[in-house]
Amino acid sequence: MDLIIKNGVVIMARDTYKADIGIKNGKIVSIGKEIEDNEAEVIDAEGKYVLPGAIDAHTHLEMPFGGTISADSYEAGTRAAACGGTTTVFDFALQQKGHGIIQTAKERDELCAPQACIDYAFHVVISDLRPEILDEFQDAVDYGLPSFKVYMVYKKEGLMADDGVLCQVLEKAKETGALISVHAENPDLIDIRTEKYLREGKTSAWYHYMSRPEFVEAEADKRAIHWAKSLNAPLYIVHLANKEGMEEVKKAKDEGYEIYAETCPQYLYFTNEIYKREDGRNFVCSPPMKGKESLDSLWKGIKTGDISTIATDHCPFQTSEKDWGKDDFTKIPNGCMGIENMYPYMLSEANKGRISFNKVVEVCSTNPAKIFGCDDQKGSIVIGKDADIVIYDPKKEFIISKHNMHSDVDYTIWEGVKLKGYPVMTFSRGKLVFKDGEFVGKPGWGKFLKRKIKR
Ligand code: URP
Ligand code: ZN
Ligand code: ZN
């Protein structure tokens, strides 16, 4: 063996037990009591928790968006992820007009592969649906790319899919074993309300929220669910942030439909009150943070299993870029950071007693691996799987600051947030990539993950 992690408490989605873990060639090769091998390096995890690395199924690294490019490169974003206990990211590859699905992923991979510090996969955003693209679905699935996304918004940006497109991709995905994700908000309502506020001179960040409040998101959630139910196609709703939508997801799941909802840490910690702050524009993302009732309903959804996954929607911009919208909220590039904060924040909430550690592992690692088809390699500590492992010190106190983060962004929305417990080591396929506050991995280490969704 290459490495033995001894005496830790292993936390899985369904189990908690004390065991040693043996690792060879990047894989978990044994789990048990008192594993010995004189050749192996030994790490003593007494008093620590040993967790599967988190899988962040929603990131936008160096993505052209909002008149600029999101501020974390593949290197910076995956470095930061590793330092927060995330060992796999799913990034969005935007289809350019005229380009194919596999071509889109390959183009993105040229940028990503030399930089990635941890393993990664792509969801391809379908923004130019043509018959050839529908015909390519099966090839993409066979290639190991079984998840696509459509935006029900971003009309002016040329990314929006109307209901016709949404229904076609839902049906094709069902036929080919793929899964469609949607960003659900109503674009017409956003436009009408935005124009009204601008006419009235209401230009602060608060009006970003007011232009897309709870019901604007809920309508699109309901519409997407309606189409998925009607076509009996699976559906994954990204960054769910409102109570009415949460209730509709619960209803559909209770009726037996394959509907998944993801939410993000920012919707579990902040409310729309944040947009009343002087620096409110730094928190502008879409959908915006909502009221306390929505926040509470999302936490409830995690407990009941109606939220399947937590991901970050990591899409940060520098302060100077956020400042473009000082006097006009429509000029603020949309997106926030969280790639380094998701697992530590969720685990801290578990440590404070809000939910169980098992639940955090389930929604941050095991479920995304299953839903997006990489659970043969990722998402749990099981013999034969990749040794993507986090050692977590439940006693460590940590206060988030831009100074102790590892991304390239010059601020964090999480500044000053106090956490109980923190990761102290992260292993990516058995290689140490984070230790005691320092990144110790290297760009180019991360591998592209080929996946297959089991139904
Ligand atoms: O504001 C956000 N979320 N920006 C990134 C793009 C998206 O909608 O996910
Ligand atoms: Zn989105
Ligand atoms: Zn996003």
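A polar contact here is a pair of N or O atoms within 3.5 Å; within protein, one must be able to donate a hydrogen and the other to accept it, and residues adjacent in sequence count only if both atoms are side-chain atoms. With that in hand, let us turn to ligand 1, where a polar side-chain atom of aspartate 313 lies 2.6 Å from a nitrogen atom of the ligand. The model is predicted, and side-chain atom pairs count only at pLDDT 80 or more, while local features need pLDDT of at least 70. Residues are numbered from 1 along each chain as its sequence is written, and ligands are numbered from 1 in the order in which they are written.

On the oxygen side of ligand 1, the side chain of tyrosine 154 places an N or O atom 2.6 Å from an oxygen atom, and the side chain of histidine 183 does so at 3.0 Å. The protein covers 100% of the 260 Å² of accessible area that ligand 1 has on its own (Shrake-Rupley method, 1.4 Å probe). The shell around ligand 1 divides into 5 nonpolar, 7 polar and 2 charged residues, with Gly counted among the polar ones and Asp, Glu, Lys and Arg as charged.

Now follow histidine 183 to the metals. Its ND1 atom and NE2 of His239 are the protein donors of the zinc ion (ligand 2), at 2.0 to 2.1 Å; donors are N, O and S atoms within 2.8 Å of the metal (3.2 Å for Na, K and Ca), and sites may look incomplete, as water is not among the atoms. The 4 donor atoms around this zinc ion subtend angles of 57 to 147 degrees, so the arrangement is irregular. A second zinc ion (ligand 3) is 3.5 Å from the zinc ion (ligand 2).

Key
Heavy atoms only, no water. Tetrahedral: all angles 85-135°; square planar, octahedral: opposite > 155°, others 65-115°.
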